[in-house]
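Walk through this chain with the coordinates open. The route goes from unusual backbone geometry to the interior and then to the surface.

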Amino acid sequence: MKLPSLILCAAAVLVALPMAPPAYGDSRKAKTTQRDKAKKAKKPKMTKFDPEASPYENAVPVFQAGDDNPYVSIRIPIVIKAGKMLVAMAEGRYKDTDQGENDLIVSISKDGRKWSKPVVAAASKGATFNNPCMIYDAEAKQIVLMFQRYPAGVKERSKDIPTGWDDDRCIRNFVCFSKNGKKWSTPKDVTEFTKHADSTITCSGPNPGVQITRGEHKGRLVVTFNEATGFGNWVATSAYSDDHGKTWKMGQKSEAGKGINEISSVESDDGGVLVVSRAWGGGQRKVTTSADAGETWSPIISHPELPSPNCQNGMTRYSHADEKSKGNRSRILFSTPSKSNRSDGIIKMSYDGGKTWPVEKSVGQGPFAYSALCPIKPGLAGLIFEVNGGPIKTIMFAPFTLDWLTDGADDGKASSSGEDETEE
């Protein structure tokens with residue numbers, strides 16, 4: 001299947017941060033030519049969503065490297081539902097490498113079909129910002145963003161990364177906030193409270209974080225990480241906040257040496273946290289749980305139903321069993337490439353809190369690398385994913401219905417027409 005025609009996304013100016021220039025990047029700012037303007041004037045109309053088509057057929061571009069922006073590639077997409085908005089974020093990379101002097105860029109949509117011009121949420125100004133992890137705090141009605149800062153010249157595989165948070169060459173965690181997804185607060189260094197003192201590398205997600213909605217820790221914000229005392233020696237851990245991101249505490253580390261890597265997390269059925277991670281080197285995804293909402297972790301197991309072709313996966317909770325508008329059924333969605341060359345994506349669904357994954361359907365044949373998922377409204381969810389092949393230049397988004405995912409067996413809505421099916 002062919003990808004939809006790509007729609008040019010113009011980059012714009014956003015924030016005034018201490019680490020951020022007021023535009024895409026001083027002298028590196030891309031210039032708009034007459035040809036670019038002509039292309040913008042002739043861009044195709046937005047195609048109508050087809051609820052019976054695959055996500056690949058319904059996909060529209062959110063971020064496009066090189067279109068009126070200075071980025072060589074755009075990678076590591078995430079997406080959340082924030083009130084009535086969909087908010088997508090990714091790394092805009094000046095170099096085609098993980099630590100490529102990356103900015104964090106953001107785009108907003110009301111329906112998943114038309115996305116705003118990308119703007120800079122946080123500009124690295126010669127350093128690198130990695131692994132954006134957003135949470136929508138439904139109680140405070142704001143978006144919380146956690147990410148890492150790599151100093152200029154420091155790479156994830158560098159041999160001499162210092163531990164802790166005191167050295168100038170440390171990898172640091174920052175947090176900032178937004179009410180509308182466009183304007184962001186000044187990033188605050190929270191490394192001392194979110195990274196263990198003996199760790200060198202820390203990586204949030206890359207996936208959305210979690211707000212706990214039930215149980216004794218209701219309202220808690222949880223960001224899950226993989227940390228290491230050296231590249232490859234990964235463990236799972238977390239940082240959590242019980243005051244809407246004002247202060248943070250660290251969870252304990254999981255057991256080490258089990259191949260856990262890039263992490264996705266959702267709230268479990270009872271107010272805990274379920275983590276599914278990339279298995280370093282491939283194989284089966286790694287799973288651990290936290291019954292106390294990020295404070296401690298269960299033994300790590302491999303899950304035979306969740307393939308890990310050496311690539312990050314996406315995961316989101318679509319519904320809890322007490323949500324009337326979604327049919328009073330627990331559902332978790334999962335996405336991954338099915339092939340080792342990062343292609344032919346699949347979406348799976350669990351009804352029992354991630355123990356089994358009986359639903360599986362192809363996204364479509366073609367490039368498919370890092371991805372993330374989010375619920376949109378009863379019956380509808382969304383998938384954001386990288387289109388790879390050389391430098392990854394395009395991030396696509398596709399709404400899909402649960403009716404399509406389950407071939408009509410489960411529409412993800414209230415069980416009767418009398419139930420309230422309005423958007424939350």
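**Backbone, core and surface**

At 16% relative accessibility, Asp68 counts as buried, because the cut-off for that class is under 20% relative accessible area. Note that this is a predicted model. Asp68 sits in a loop, between strand S1 (60-64) and strand S2 (73-82). Its backbone stands out too: Asp68 is not a glycine, yet its phi is positive, about 60°.

Follow the chain into strand S2, where Ile76 is found. What is the sign of phi at Ile76? It is positive, about 60°, although Ile76 is not a glycine. Ile76 is also buried, with a relative accessible area of 5%. Why flag such angles? Because most residues other than glycine have a negative phi.

The next stop concerns a peptide bond. Gly205 and Pro206 are joined by a cis peptide bond, with omega at about 0°. Pro206 lies in the loop that runs between strand S10 (201-204) and strand S11 (210-211). The cis form merits a check because most peptide bonds are trans.

Now turn to the interior. How many residues does the largest nonpolar core have? It has 43 residues. Met89, Met134 and Trp184 have the most contacts inside this core. Another core, of 20 residues, lies apart from it. Among the members of that second core are Tyr318, Ile347, Ala398 and Leu402.

Helix H4 covers residues 402-405, and Trp404 is found there. Is Trp404 buried or exposed? It is buried: its relative accessible area is 8%, so it falls below the 20% cut-off. Trp404 can also be placed against a residue distant in sequence. Lys361 is 43 residues away from Trp404 along the chain, and their C-alpha atoms are separated by 8.9 Å.

Last, the surface. Which residues gather in a patch of negative charge there? They are Asp50, Glu52, Glu57, Asp403 and Asp411. Take Glu57 as one of this group. Glu57 belongs to helix H2, residues 55-58. Its relative accessible area is 44%, so Glu57 is partly exposed. Patch members must have over 30% relative accessible area, so the value of 44% lets Glu57 meet that condition.

To retrace the route, start at Asp68 and Ile76, each with a positive phi of about 60°. Pass the cis bond between Gly205 and Pro206. Then view the core of 43 residues, and the one of 20 residues apart from it. End at the negative patch on the surface, which includes Glu57.

Technical notes. Residues numbered from 1 in each chain as written. Predicted model: local features only at pLDDT ≥ 70, side-chain atom pairs only at ≥ 80, totals over all residues. Heavy atoms only, no water. Patch = residues over 30% accessible without salt bridge, like charges linked within 9 Å, V, L, I, M, F, W, Y side chains within 5 Å. Areas by Shrake-Rupley, 256 points an atom, 1.4 Å probe, with all protein chains shown as cover. Salt bridge = Lys/Arg side-chain N within 4 Å of Asp/Glu carboxyl O. Lys, Arg positive; Asp, Glu negative; His and termini not counted. Charge placed at Lys NZ, Arg CZ, Asp CG, Glu CD. Helix = DSSP H or I, 4+ residues; strand = E, 2+ residues; numbered from the N terminus. Buried < 20%, exposed > 50% of the residue type's maximum accessible area, 1.4 Å probe, protein only. Core = buried A, V, L, I, M, F, W, Y, C linked by side-chain atoms within 4.5 Å.
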